[in-house]
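Please look through the sequence and the model shown here before reading on. The report that follows takes up the overall layout, then one helix and its surroundings, and finally a few individual residues.

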Amino acid sequence: IFLSGGASHVLATGTVSESGAARRLLIELGVGEDRIAMEERSRNTCENAAETKAALAPRAGDRWVLVTSANQMPRAVACFRANGFPVTPAPADYRTLGGSAGLRFGDVLSEGLAALDLAVHEWVGLVTYRVFGLTGELFPQPQPAG
C-alpha cells in the first residue's frame, strides 16, 4: 500500500500528514507496517501524482489502482495521467443516495451548503488544474484496460 499526501496546509507545523494519519489507521486495522510505504511532501493532488510516480517508478505494463474519494477521482486521475502514470480508478466514499435522491441538497440547509461547497471545490480544482496546464483534460474519460 502506497500512501500519498503531505500537509495541504502550508503554514501548519507539527501536524500529522494525510499519509501519516492513514498509515496509523491501517496499522490499527491490522495491516503490517512493512506493507505500507508513503510520501509526505505533496501538498495537492497533482503533487500527489508526481511524488507517487517518483517514489514508485512504475514500469510499462504495471497495473496500479488509485483509491480516493469518488468526488476527487476525476481530478486525481487527470493529474496521474498528466504525469504519465496510468492508474485504474477505485473510487470510495460516495456521497450520494443515487437516483432522484441525489438531486436533493439534503434535508437541512447546512447539509446542502456542505455538498455545494464540496462540488464547487472539485470543479474549481478541475478547471484550475486544466487552465494552468497541470492536467491535459478537464474531465478524464474512462480508458480501456491494458
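Helices in this report are DSSP runs of H or I with at least four residues, strands are DSSP runs of E with at least two, and both are numbered from the N terminus. The model is a predicted one, and its values are therefore best read as properties of that prediction.

**Overall layout**

The protein contains four helices and four strands, and, read along the sequence, these follow the pattern β-α-β-α-β-α-β-α. Of its 146 residues, 25% are buried. Among the contacts with a separation of 6 or more, 55% join residues that are 24 or more positions apart.

**Helix α3 and its surroundings**

How many of the ten residues of α3 are buried? The number is eight, so this helix is largely enclosed by the rest of the structure. The buried residues are Met73, Pro74, Arg75, Ala76, Val77, Ala78, Cys79 and Phe80, and they pack against α2, β3, β4 and α4. Just after α3, Gly84 takes a positive phi of about 70°.

One of these partners, α4, can be described in further detail. The axes of α3 (residues 73-82) and α4 (residues 109-131) come within 9 Å and cross at roughly 20°. Because angles under 35 degrees count as roughly parallel, α3 is roughly parallel to α4. The crossing in which α3 passes α4 is left-handed. On the side of α3, the residues that take part are Pro74, Arg75 and Cys79, and they meet His121, Glu122, Gly125, Leu126 and Tyr129 in α4. Sorted by character, the residues of this contact divide into four nonpolar, two polar and two charged.

Pro74, which is placed in helix α3, gives a closer view of this region. Pro74 is buried, with a relative accessible area of 17%, a value that falls in the buried class because that class covers everything under 20%. Leaving aside its neighbours within four places in sequence, Pro74 is in contact with Leu126, Phe139 and Pro140. The C-alpha atoms of Pro74 and Leu126 are separated by 7.8 Å, although the two residues are 52 residues apart along the chain.

Thr135, in the segment after α4, also touches residues of α3. With a relative accessibility of 4%, Thr135 counts as buried. Not counting residues up to four places away in sequence, Thr135 touches Cys46, Ala78, Cys79, Ala82, Tyr129 and Arg130.

**An aromatic cluster**

Rings of Phe, Tyr and Trp are taken as a pair if their centres lie within 6.5 Å, and by this rule the count comes to three aromatic pairs. In one of them, the ring centres of Trp64 and Phe85 are 6.1 Å apart and the planes stand at 90°, so the pair is edge-to-face. Trp64 lies in the loop between α2 (45-56) and β3 (65-69), while Phe85 lies in the loop between α3 and β4 (88-92), so the pair ties together parts that are 21 residues apart in sequence. The two members are not equally covered: Trp64 is partly exposed, with a relative accessible area of 29%, whereas Phe85 is buried, with a relative accessible area of 2%. Together with Phe80, these two residues form one aromatic cluster.

**Loop residues with a positive phi**

Which residues have a positive phi although they are not glycines? Two such cases are set out below, each with its place in the chain.

| Residue | Phi | Place |
|---|---|---|
| Ala57 | about 45° | loop between α2 and β3 |
| Asp93 | about 60° | loop between β4 and α4 |

Asp93 can be followed further. At 40% relative accessibility, Asp93 counts as partly exposed. Apart from residues up to four places away in sequence, Asp93 touches Ser69 and Ala70. Computed along the sequence, Asp93 and Thr68 are 25 residues apart, yet in space their C-alpha atoms are 7.8 Å apart.

Technical notes
Residues are numbered from 1 along each chain as its sequence is written. This is a predicted model: local features need pLDDT of at least 70, side-chain atom pairs count only at pLDDT 80 or more; totals for chains, interfaces and linings use all residues. Side-chain values use heavy atoms; hydrogens and water are left out. Axes are lines fitted to C-alpha atoms, for helices over the stretch in contact, and angles run from 0 to 180 degrees between N-to-C directions. Angles under 35 degrees count as roughly parallel, over 145 as roughly antiparallel, 65 to 115 as roughly perpendicular and the rest as oblique. A crossing is left-handed if the near helix is turned anticlockwise from the far one by less than a right angle, and right-handed if clockwise. Contact means heavy atoms within 4.5 Å. Ala, Val, Leu, Ile, Met, Phe, Trp, Tyr, Cys and Pro count as nonpolar, Asp, Glu, Lys and Arg as charged, and the others, Gly among them, as polar. Rings of Phe, Tyr and Trp (its six-membered ring) pair if their centres lie within 6.5 Å; planes under 30 degrees apart count as stacked, over 60 as edge-to-face and the rest as tilted. Buried means under 20% relative accessible area, exposed over 50%, partly exposed in between (1.4 Å probe, protein chains only).
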